[in-house]
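User: Please take a close look at the ligand site in this predicted model. I would like one connected description of what surrounds the ligand and how it is held in contact with the protein.

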Amino acid sequence: MPSKNKLPDNPFPEVEAVYESFSEDILNLDYDEIKHKYLGKKGLVIDLLCRIKEKQNKEKPLYGKAVNSLKNAIEQKINTLRGKENLQQTGKMLTKDAIDITAPFDVNIPLQDKPKLISQPGSLHPITEIGEKALRIFESMGFHVTYSRRLDNDYNVFEALNLPPEHPARDMWDTFWTQDDLIPITHTSAMQNRILTTKKVPIREVIVGRCMRNEATDASHEHTFYQVEGMYVDKGITLAHLIGTLSAFMNEFYGRDVKYRIQPSYFPFVEPGLEFLIECLTCGQKGCPFCGYSGWVELVPCGPIHPNVLREGGYDPETYTGFAWGLGYDRLVILQSHINDIRHIHSGDLKFLEQFK
Ligand code: DAH
């Protein structure tokens, strides 16, 4: 076994001596000092090389080779050790200075110092929570829950809802299109024709969906929002049933008798188009920016289903009537929690979400 500090195949003791001293120094000196001492212009390796002239001619090639392999061995060792050290240094920097910008605290601090957050279970998003609460109430009133498609075609989003191509009211639902002419639904009303053509009367359906619109976003407009559509179709259904249903829902949802009001509106798929308003719960009807100082909040667009929509769905409007509504979850959350900017809802910001725990 060659000894640890021996140069392989070297018959020259003076060359060996330099290597031995290098092997000692490498443990104690820094790399620049060593380089200077051994490989510098006046270093020990050059010194050995100069002594070649003292050698006999036949020894010279072997000696030159031995000094060269000493030089290589020294260089290699320094480079390897320096490389290792750099790696360790980088590793240290990586663990010390790495930044996870999504973490709500410095992930590199010792475990015991980490905020409790890390061991706390998450909670439902307010949209999910309020949505579930609303659905359970509708279910308890006898409605069946259906989930809406995410993408649909022009027929379901517009035409079947009494909005033929070129109808000016299509502007109310400026939207996105996929390359193959599908639409990320602009409203859950897009499911109305499917419900009419697949379900039998009495139809009592609520349809939940994620909707999108081409909006210039600001504090009260978002491109993505959630709706729950309601539909009721049978013989002898009147406006009174619609108002009674929505009012009963509001009372149950807010846990008290909520004042409401109906006012005219316009949607091509209902006749007449209506808006169901409730008292402003933010200011107790004293008047505030949220209710536009009117004391009332428009919460549910609704109305008796238009005869053309019923006909398109296979029902004779002379025999069957019905009502429908489109309730925005986001508005419910905003109203309940006094949120001043609708964009918080889909921001995923933990500081915002933790308030709902
Ligand atoms: N789909 C309408 C919208 O998103 C809301 C709506 C109005 C739905 C009246 C209805 C309705 O079912 O009857 O703007």
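Analyst:
**The ligand site**

A polar side-chain atom of arginine 213 is placed 2.8 Å from an oxygen atom of the ligand. Glutamate 229 also brings a polar side-chain atom to a ligand oxygen, here at 2.6 Å. With tryptophan 325 the polar atom belongs to the backbone, and its distance to an oxygen atom of the ligand is 3.3 Å. Considered alone, the ligand exposes 350 Å², of which the protein buries 96%. These values, like the rest of this description, come from a predicted model.

The wider shell around the ligand comes next. It is made up of 16 residues. Arg213 and Glu229 are among the closest of them, together with His187, Ser189 and Gln227. By residue class, the shell holds eight nonpolar, six polar and two charged residues.

Several strands contribute to this shell. Strand E5, running from 224 to 235, supplies at least two of its residues, and the same holds for strand E8 (296–304) and strand E9 (320–328). The space that the ligand takes up is the largest pocket.

As for the chain as a whole, the domain assignment divides it into domain 1, covering 13–107, and domain 2, covering 126–356. The C-alpha centres of domain 1 and domain 2 are 76 Å apart.

Methods. Residues are numbered from 1 along each chain as its sequence is written. This is a predicted model: local features need pLDDT of at least 70, side-chain atom pairs count only at pLDDT 80 or more; totals for chains, interfaces and linings use all residues. Side-chain values use heavy atoms; hydrogens and water are left out. A residue is near a molecule or strand if one of its heavy atoms lies within 4 Å of it. A polar contact is a pair of N or O atoms within 3.5 Å; within protein, one must be able to donate a hydrogen and the other to accept it, and residues adjacent in sequence count only if both atoms are side-chain atoms. Accessible areas come from the Shrake-Rupley method with a 1.4 Å probe; for residues, only the protein chains shown count as cover. On a 1 Å grid over the protein atoms alone, a cavity is a set of points where a 1.4 Å probe fits but cannot get out, and a pocket is an open set with protein on both sides within 12 Å along at least five of seven lines; lining residues have an atom within 4 Å of a point. A molecule sits in a cavity or pocket if more than half of its atoms lie within 2 Å of its grid points. Helices (H or I, at least four residues) and strands (E, at least two) are DSSP runs, numbered from the N terminus. Ala, Val, Leu, Ile, Met, Phe, Trp, Tyr, Cys and Pro count as nonpolar, Asp, Glu, Lys and Arg as charged, and the others, Gly among them, as polar. Domain bounds come from an automatic or database domain assignment.
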